[in-house]
Amino acid sequence: MKIAILGYSGAGKSTLAGRLGKNYDIPVLHLDTVQFLPDWKIRSEIEKKCIVSDFMKNDSWVIDGNYKSLYKEERLDEADLIIILSFNRFFCFKSAFERYLKNKGRTREDMADGCNEKFDLEFALWILFWGRTYKKRKEYKDIYTQYKRKCIWFNNRSQVNAWTQKLELELKSNDKK
């Protein structure tokens with residue numbers, strides 16, 4: 001199983017990726033861990049591409065993140081399932097801020113080592129405006145249209161939770177057989 005998760009900042013891509021990786025017992029790659037080096041420095045394009053390319057050689061994987069330069073087309077083509085988290089900007093803002101309060105001064109496991117949790121004006125503006133341009137919304141819609149047969153579009157966390165709970169019940173049922 002190969003799963004690509006896309007969506008807005010603060011929507012819960014990494015949380016969902018971890019949950020799916022655990023459920024299917026497959027490796028997970030958070031693209032934020034590839035993008036950044038300690039202290040939020042940007043890794044070189046060549047190094048990032050090598051990391052992602054090597055990871056995609058696995059028979060199964062979950063990759064969360066949007067980064068176009070990191071083989072986005074190849075990820076989507078190879079994926080058996082594409083999940084798009086298209087949540088309300090204010091929900092994403094609240095989630096990201098709560099995540100900041102919970103992890104302030106620490107590095108989350110879905111971030112690169114040495115990238116302590118932060119929430120600044122630039123990130124707030126990204127969540128609310130800059131990361132939600134017409135172009136970005138159109139990109140998600142185009143992906144959904146192109147890959148409709150293997151794409152799931154979620155508008156809120158309740159939909160995701162209901163879907164993952166159903167999936168977990170199915171997996172448990174299959175384990176008993």
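Here are legends for six close-up views of a predicted model.

**View 1. One side of helix H6 is where its buried residues sit.**
Zoom in on H6, which runs over residues 121-128, and look for Ala-124, Ile-127 and Leu-128: these are its buried residues. They span an arc of only 90° around the helix axis, which puts them on the same side of H6. There's a handy bit of background here: an α-helix has 3.6 residues a turn, so residues three or four places apart point the same way. And what do the buried residues of H6 pack against? Their partner is helix H5, residues 89-103.

**View 2. Strand S5 is covered on both faces.**
S5 takes in residues 61-64. In a regular strand, side chains alternate between the two faces of the sheet. Here, Trp-61 and Ile-63 are on one side, Val-62 and Asp-64 are on the other, and all of them are buried.
Now check out the neighbours. Strand S1 (residues 2-7) pairs with S5 in the parallel sense, over four bridges. Strand S2 (residues 28-30) also runs parallel to S5, joined to it by three bridges. Which residue of S5 is the bridge partner of Ala-4? That's Ile-63, and Ile-63 is the bridge partner of Leu-29 too.

**View 3. Phe-97, Phe-119 and Phe-123 belong to a cluster of rings.**
The model has ten aromatic pairs. In one of them, Phe-97 and Phe-119 have ring centres 5.2 Å apart and planes at 75°, so the pair is edge-to-face. This pair links distant parts of the chain: Phe-97 is in helix H5, while Phe-119 is in the loop between H5 and H6, 22 residues apart. Phe-119 is buried, with a relative accessible area of 17%. The rings of Phe-119 and Phe-123 are edge-to-face as well, since their centres are 5.7 Å apart and their planes meet at 80°. Phe-97, for its part, is partly exposed, at 34% relative accessible area. Step back a little and you'll see ring pairs linking Phe-93, Phe-97, Tyr-100, Phe-119 and Phe-123 into a cluster.

**View 4. Asp-39 and Trp-40 have positive phi values in the loop between S3 and S4.**
Strand S3 covers 36-37 and strand S4 covers 41-42, with Asp-39 in the loop between them. Phi of Asp-39 is near 60°, a positive value even though this residue isn't a glycine. Trp-40, in that loop between S3 and S4, isn't a glycine either, yet its phi is about 65°. Are these two buried or exposed? Asp-39 counts as exposed, with 57% relative accessibility, and Trp-40 counts as partly exposed, with 25%.

**View 5. Lys-118 and Arg-132 each lie over an aromatic ring.**
Look at the face of Trp-40 and you'll find Lys-118 over it, at 4.7 Å from the ring centre. In the other spot, Arg-132 has its charged end over the ring of Tyr-8, 3.8 Å from the centre of that ring.

**View 6. Cys-50 and Cys-151 go without disulfides.**
How many disulfides does the model have? The count is zero. For Cys-50, the nearest cysteine sulfur belongs to Cys-115, and it is 20 Å away. Why is Cys-151 unbonded? Its closest cysteine sulfur, in Cys-92, is 17 Å off, which is too far for a bond. As for their surroundings, Cys-50 counts as partly exposed at 43% relative accessibility, whereas Cys-151 counts as buried at 9%.

Key. Residues numbered from 1 in each chain as written. Predicted model: local features only at pLDDT ≥ 70, side-chain atom pairs only at ≥ 80, totals over all residues. Heavy atoms only, no water. Buried < 20%, exposed > 50% of the residue type's maximum accessible area, 1.4 Å probe, protein only. Helix = DSSP H or I, 4+ residues; strand = E, 2+ residues; numbered from the N terminus. Arc of directions from axis to C-beta. Contact = heavy atoms within 4.5 Å. Pairing = 2+ DSSP bridges. Disulfide = S-S within 2.5 Å. Phe/Tyr/Trp six-rings, centres within 6.5 Å; stacked < 30°, edge-to-face > 60°. Lys NZ or Arg CZ within 6 Å of the ring centre and 35° of its normal.
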